[in-house]
Amino acid sequence: MSSPAPSNPSASNPSTASAPTSTLRGALRLVDYWATVYRRTWRGSIVSSFITPLLYVLAMGVLLGGFVEADPATLEGATSYLAFVVPGLVAATSMTTVVGEVTYPVMAMVKWNKTYFSMTATPLGVREIALAHLGFVAFRVAVTAAVFLAVTAPFGVYESAPGVLGAFVVQVLLGMAFAVPLYAFAAGLRDETAFSLVFRLGMIPMFLFSGAFFPVANLDAPLEALARVTPLWHGVDLTRMLVLGVPDWSMVAVHVAYLLALVVLGWWWAVRRLARRMQQ
C-alpha cells in the first residue's frame, strides 16, 4: 500500500512548520494522513471486521447453541449459549482487529515504505507518530465494536442498555491493552518472522481458550490459571458481565486496572523501542 501524500505542505517541510507544543497536538497533525489511509483501505476490512465475526455468531451461537443446554449457573449468568458466546466474540474481535493493525502495518511503516522516517523528517517526533498510529487503531476498534454490537443487538442477547455502552468503551480499552504492547514489539523487529509466533502462540490460543466459547473453569487447573492472566479473558469477562447486566464491581475494577496497566507499560516500552529502532 502506497503512503498518501501529506495534505499539509508545511508538514513535509521542517523549515515552514513549527514544533508541536505537546504530544497530543503533534499527533493531531497526522489526522489527515490516517483519514486518507482509512478512506483507501476501509473496504478491505469489511470481511475480517464484520462478516467473519457475524458468521461465528450464527455458526457457534445460533446453530451449535441450539444443542447446548442453557444453564445460567454454568454459563456465567447467560440464559442461552448465544447470550454467552456473543460477548466473548465481541471481545475476541477487538483483539483480532488490533493484531492485524499493529503487526505488518507497523513493520511496513518502519522497514518497507519507511513512512515513519518521512514523518520524523518534520518537527514531529517518535511520541507523536506512535500516538497518532495508536489513535487510528483505537478508531478502528471502536468502529468494529460499534457495528458488531449493533448487528448482534436484534438477537436479543443484551440485558442492559447501559451495559452495552459500557461494553463498547471496554472494547476500546481492551484493544489498546493489546495494541500498545504489540506495537512496541513490532516496532523494534528487523523482520516479520516473529509475527507467526504472535498469531500461532498468542492470538489463536487466546481466541479459543480465554472464555469466549466456554467458561475457563472447564479447563484443567493449570490451563485455567493461565487463561485468567491473559488480557482477552479479562476483556471477555468484563464485556459479558456488563452486557448481561450482572456486573461484579470488584472484578470490574480488577479488569480495568489490569488492562490500563498494559496500556501504560506498553506505551513506555513502545516509545523507547521505536526510538531505538529508528536510530539504527
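Biologist: From the N terminus on, how do the elements of the chain run?

Modeller: This is a predicted model, by the way. Its chain has twelve helices and zero strands. Reading from the N terminus, the order is therefore just helix after helix, with elements given by DSSP runs: α-α-α-α-α-α-α-α-α-α-α-α.

Biologist: Which helix gives the most to the largest nonpolar core?

Modeller: That core holds 74 residues, and Y116, Y183 and L274 touch the most other members. The top contributor supplies 14 residues and spans 161-187: helix α8.

Biologist: Leaving out residues up to four places away in sequence, which residues does Y183 touch?

Modeller: Y183 is one of the three core residues that touch the most other members. A contact here takes heavy atoms within 4.5 Å. With that cut-off, the list for Y183 is V102, V106, Y116, I129, A130, H133, L134, A270 and L274.

Biologist: How many residues are in the other core, the one with V170 and L238?

Modeller: That one lies apart from the largest core. Its members include V170, L238, L242 and V252, and the total is five residues.

Biologist: Is V31 buried, partly exposed or exposed?

Modeller: V31 lies in helix α2, residues 31-41. Together with L24 and L28, V31 forms a nonpolar surface patch with about 290 Å² of accessible area. Buried needs under 20% relative accessible area and exposed needs over 50%. V31 has 47%, so the label is partly exposed.

Biologist: What share of the chain's exposed area do carbon and sulfur atoms supply?

Modeller: Buried residues make up 47% of the 280 residues. The chain still exposes about 13200 Å², and the carbon and sulfur share of that is 68%.

Key
Residues numbered from 1 in each chain as written. Predicted model: local features only at pLDDT ≥ 70, side-chain atom pairs only at ≥ 80, totals over all residues. Heavy atoms only, no water. Patch = residues over 30% accessible without salt bridge, like charges linked within 9 Å, V, L, I, M, F, W, Y side chains within 5 Å. Areas by Shrake-Rupley, 256 points an atom, 1.4 Å probe, with all protein chains shown as cover. Salt bridge = Lys/Arg side-chain N within 4 Å of Asp/Glu carboxyl O. Helix = DSSP H or I, 4+ residues; strand = E, 2+ residues; numbered from the N terminus. Buried < 20%, exposed > 50% of the residue type's maximum accessible area, 1.4 Å probe, protein only. Core = buried A, V, L, I, M, F, W, Y, C linked by side-chain atoms within 4.5 Å.
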